[in-house]
Amino acid sequence: NGHFPAGQNPARFATKAPKAGAKGRMGMAEVLKIGNRRWGIGVLLAVGVLVNYLDRISISVAAPQLQKELNLSSEQIGLLLSAFFWSYSLAQLPSGMLLDRFGVTRVGRVGAFLWTVASTLTALSTGYLGIFVARMLLGVAEAPGMISCQKATGYWFPRHERSRSTAVFDSAAKFANVIGVPLVAFFVVRFGWRWGFGITAMMSIAYFFAYWILYRDPSQDKKLGAAEHTYILAGGAVKEGPSGIGQINMLGYVLRNRKVWAHTIGYSAYGYSFYLFLTWLPGYMVQTLHMTILKSAAFTIIPWMCASLADLL
């Protein structure tokens with residue numbers, strides 16, 4: 001059934017995969033001959049998360065200039081920075097249900113297309129209301145992003161590689177700030193706040209086409225070799241397709257589970273801290289510490305660089 005007996009080392013089951021001419025017992029060299037298509041998919045997912053978070057941070061960097069140009073109050077800026085997270089939070093459960101029903105490939109494509117549209121609309125907006133609506137659309141579009149990465153990781157990686165593969169795309173969320181904040185800051189200072197969103201819209205378009213061309217579930221991927229596919233399945237890969245459990249029944253089970261509530265409380269505390277820094281740190285440095293936008297970007301990348309390295313390690 002694709003799972004290991006209790007206490008067994010997954011590596012020994014790799015010998016069941018076709019060896020493509022390798023002889024003798026499977027060592028590291030033979031493991032490498034299995035193929036690395038799964039890690040290519042892992043990098044693709046990480047790039048998606050990177051672009052995803054570039055979209056999110058662009059408004060944080062542009063906020064001081066945006067506030068001045070549109071003559072916005074602190075309360076209006078606060079609401080504008082929050083707009084993404086309202087729709088993002090509300091769309092989490094529906095996104096999970098859609099992923100279970102329609103799969104990673106289709107939902108991932110639609111999501112990438114919609115967040116491209118939202119980024120473009122933000123850059124083209126002429127006023128506060130237009131930006132606000134575009135940010136809410138971005139929240140809906142990006143809601144399946146991290147969930148689809150987790151689901152795809154279950155399809156593409158054996159259990160004993162899943163922590164590393166998860167760390168790759170999760171660290172991309174932090175690393176987006178390392179490269180994204182100074183990149184967006186440069187365009188905002190040099191060309192204006194619209195270009196801060198314009199550059200992320202271009203990246204989103206590029207990723208949409210890359211995802212459309214490259215991502216398939218393992219059973220549909222023609223570039224995935226038989227040996228590697230067997231290796232993934234033998235390592236306990238999650239079964240593709242619908243779960244076979246009713247959505248309402250699954251939701252009821254999740255909501256009754258005490259571990260889920262404990263995890264939710266802990267993750268909410270983490271999320272508050274994470275997004276406080278993500279959303280407010282650049283503007284705080286500009287307004288309170290009187291830094292330039294570029295200087296604030298240089299200081300902002302320090303904690304995110306540490307977070308990226310800690311995630312991978």
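This passage walks through a helix contact, two cavities and an aromatic pair in a predicted model. Local features need pLDDT of at least 70 and side-chain atom pairs count only at pLDDT 80 or more, while totals for chains, interfaces and linings use all residues. Residues are numbered from 1 along each chain as its sequence is written, and side-chain values use heavy atoms, with hydrogens and water left out.

To start with the helices (DSSP runs of H or I, at least four residues, numbered from the N terminus), helix 2 covers residues 37–70 and helix 6 covers residues 144–156. Their axes come within 10 Å and cross at roughly 175°; axes here are lines fitted to C-alpha atoms over the stretch in contact, with angles running from 0 to 180 degrees between N-to-C directions. That makes helix 2 roughly antiparallel to helix 6, a label for angles over 145 degrees. On the helix 2 side, the contact (heavy atoms within 4.5 Å) is made by Arg37, Arg38, Ile41, Leu45, Val49, Asn52 and Tyr53. Helix 6 brings in Gly145, Met146, Cys149, Ala152, Thr153 and Trp156. Sorted by type, these contact residues come out as 8 nonpolar, 3 polar and 2 charged; Ala, Val, Leu, Ile, Met, Phe, Trp, Tyr, Cys and Pro count as nonpolar, Asp, Glu, Lys and Arg as charged, and the others, Gly among them, as polar.

Next come the cavities, sets of points on a 1 Å grid over the protein atoms alone where a 1.4 Å probe fits but cannot get out. There are 2 of 30 Å³ or more, a volume being the space filled by probe spheres set on the points. The largest has a volume of about 140 Å³. It is lined by 18 residues (each with an atom within 4 Å of a point), and Gly108, Trp115, Gly145, Ser148 and Tyr207 are the closest to its centre. Helix 2, helix 4 (92–124), helix 5 (128–142), helix 6 and helix 8 (193–214) each give two or more residues to this lining, which divides into 11 nonpolar, 6 polar and 1 charged.

The second largest cavity has a volume of about 40 Å³. Arg56, Ile59, Ser60, Leu81, Phe85, Arg135, Leu278 and Thr279 line this one, and helix 2 supplies the largest share, 3 residues.

Finally, the whole structure holds 22 aromatic pairs (ring centres within 6.5 Å). One of them, Phe113 with Phe208, is tilted, at 5.7 Å centre to centre and 55° between the planes; tilted covers what is neither stacked (under 30 degrees) nor edge-to-face (over 60). This pair links distant parts of the chain, with Phe113 in helix 4 and Phe208 in helix 8, 95 residues apart.

How values were computed:
Parallel < 35°, antiparallel > 145°, perpendicular 65-115°, else oblique. 1 Å grid on protein atoms, 1.4 Å probe; cavity = no way out; pocket = protein on both sides within 12 Å on 5 of 7 lines; lining within 4 Å. Phe/Tyr/Trp six-rings, centres within 6.5 Å; stacked < 30°, edge-to-face > 60°.
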